[in-house]
Amino acid sequence: MKKLLILVPCFLISGFSAQQIINPEVNTVPEDKMNIIKTNITGYAFRNINLSYERSINRWFAINVGFGTVAEGKVPFMNAFLSDEDEKDFQNLKIKATNFTLEPRFYIGQGYGKGFYFAPYYRFSKVSTNTFDYTYDYNAFGTIIPIPLKGMGDAKGNSGGLMVGAQFFLNKQHNLVLDFWIAGAHYGTGKGDFNLTSDILLTPEMQAELKKEIENLDIPFVDYTVETNANGARIKVDGPWAGFRSGFSLGYRF
């Protein structure tokens, strides 16, 4: 009986000690907030309405999926790659765009959605235009004849890149999030078709001059070929597709 009384406290002490050992491991499990919904607030300055969803898989790894759409409007920074004279030919040109991004994230900070990270990513992009006016000046025997055309088209691109960023929790509840895209760049290939049509039947001489004028636009970072016919021209884009990402996103963690 004395031995039994001695053994009972021993078992109680052993059980309590085991529980103390287990509890610290339980306490290291993250809060039950593995999801984050975010929007890049800097994108709205460029008409980019966007939303992304991040899911933590474990402490160091997460998947971020994003979608954005750029409302129809003027081409940003068009004067950076076209001369003033060429830009006048595209005065009513407007574009709209959509993009989808799949981004695995590797956290090297605290983890579970917090700290510095690097993220290789894939992006699909599509850009389309409104029906815009384009006029080229045909030179016939020293006389300039304006030839009006209507244009429309779209292009799609697939690219891969790398993002470096840092994500922070803004309050004690860890449910308000700031995601800083320090720098990201992507590169890939794109294809597109743009058509220019005229109500005037173009002679071979008109077609040759139109082809030369479009080729002389010399838009940087875009490879394209021009085909002309009696009804207008077709511009085929087939070449590199590149972009840069940076900005601040605000989000909610749950």
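Where does Tyr112 lie? Keep that in mind as you open the viewer; the answer comes at the third stop. One thing to know before you start: this is a predicted model.

**First stop: the whole chain**

Show the whole protein chain as a cartoon. You should be able to pick out 3 helices and 10 strands. Walking from the N terminus, the elements follow the order α-β-β-β-α-β-β-β-β-β-α-β-β. The chain has 254 residues, and 36% of them count as buried. Take the contacts between residues at least 6 apart in sequence: 66% of these join residues at least 24 apart.

**Second stop: colour by confidence**

Now colour the chain by pLDDT. Its mean is 86, and 86% of the residues reach 70 or more. Where is confidence lowest, and where is it highest? Select helix H1, residues 2–27, for the lowest mean, 42. Then select strand E1, residues 35–40, for the highest, 98. Next, select residues 1–29, where pLDDT stays under 50. For this stretch the model has 1 contact beyond four places in sequence. Read this part of the picture with care.

**Third stop: two loops**

Select Tyr112 and zoom in. Here is the answer to the opening question: Tyr112 lies in the loop between strand E4 (94–107) and strand E5 (115–129). Its phi is positive, about 50°, although Tyr112 is not a glycine. Is Tyr112 buried or exposed? Tyr112 counts as buried because its relative accessible area is 17%, under the 20% cut-off.

Now move to Arg47, in the loop between E1 and strand E2 (48–56). Arg47 also has a positive phi, about 65°, and is not a glycine either. With 27% relative accessibility, Arg47 is partly exposed.

**Fourth stop: Asp179**

Select Asp179, which sits in strand E8 (residues 176–197), and show its side chain. This residue is buried, with a relative accessible area of 1%. Which side chains make polar contacts with that of Asp179? Show Lys38, whose side chain makes a polar contact of 3.1 Å with the Asp179 side chain. Then show Tyr117, whose side chain is joined to that of Asp179 by a polar contact of 2.8 Å.

To fill in the surroundings, leave out residues up to four places away in sequence. Asp179 then touches Lys38, Arg105, Tyr117, Ala166, Gln167, Gly247, Phe248 and Ser249. You can also try the distance tool here: the C-alpha atoms of Asp179 and Phe169 are separated by 8.9 Å, and the two residues are 10 apart along the chain.

**Fifth stop: Ser198**

Follow the chain on from E8 to Ser198, in the loop between E8 and helix H3 (204–215). Ser198 is buried, at 10% relative accessibility. What does the side chain of Ser198 reach? One partner is the backbone oxygen of Pro148, at 3.3 Å. Another is the backbone nitrogen of Ile200, at 3.0 Å. Beyond its neighbours within four places in sequence, Ser198 is in contact with Ile147, Pro148, Leu149 and Asn231.

**Sixth stop: Phe124**

Select Phe124 in strand E5. At 28% relative accessibility, Phe124 is partly exposed. Show the residues that Phe124 touches, again without those up to four places away in sequence: Thr98, Asn99, Phe100, Lys156, Gly157 and Asn158. For another distance to try, pick the C-alpha atoms of Phe124 and Gly190. They are 9.7 Å apart in space, while the two residues are 66 apart in sequence.

**Last stop: a pocket**

Finish at the second largest pocket. To find its lining, select Glu85, Asp86, Asp89, Tyr134, Thr135, Tyr136, Asp137, Glu213, Asn216 and Leu217. The pocket holds about 160 Å³ of space. Which elements each supply at least two residues of this lining? They are helix H2 (84–88) and strand E6 (132–140). E6 provides the largest share, 4 residues. Finally, colour the lining by residue type: 3 of the residues are nonpolar, 2 are polar and 5 are charged.

Key: Residues are numbered from 1 along each chain as its sequence is written. This is a predicted model: local features need pLDDT of at least 70, side-chain atom pairs count only at pLDDT 80 or more; totals for chains, interfaces and linings use all residues. Side-chain values use heavy atoms; hydrogens and water are left out. On a 1 Å grid over the protein atoms alone, a cavity is a set of points where a 1.4 Å probe fits but cannot get out, and a pocket is an open set with protein on both sides within 12 Å along at least five of seven lines; lining residues have an atom within 4 Å of a point. Grid points are joined across faces, edges and corners, and a volume is the space filled by probe spheres set on the points. Ala, Val, Leu, Ile, Met, Phe, Trp, Tyr, Cys and Pro count as nonpolar, Asp, Glu, Lys and Arg as charged, and the others, Gly among them, as polar. pLDDT is the predictor's confidence in each residue, from 0 to 100. Contact means heavy atoms within 4.5 Å. Buried means under 20% relative accessible area, exposed over 50%, partly exposed in between (1.4 Å probe, protein chains only). A polar contact is a pair of N or O atoms within 3.5 Å; within protein, one must be able to donate a hydrogen and the other to accept it, and residues adjacent in sequence count only if both atoms are side-chain atoms.
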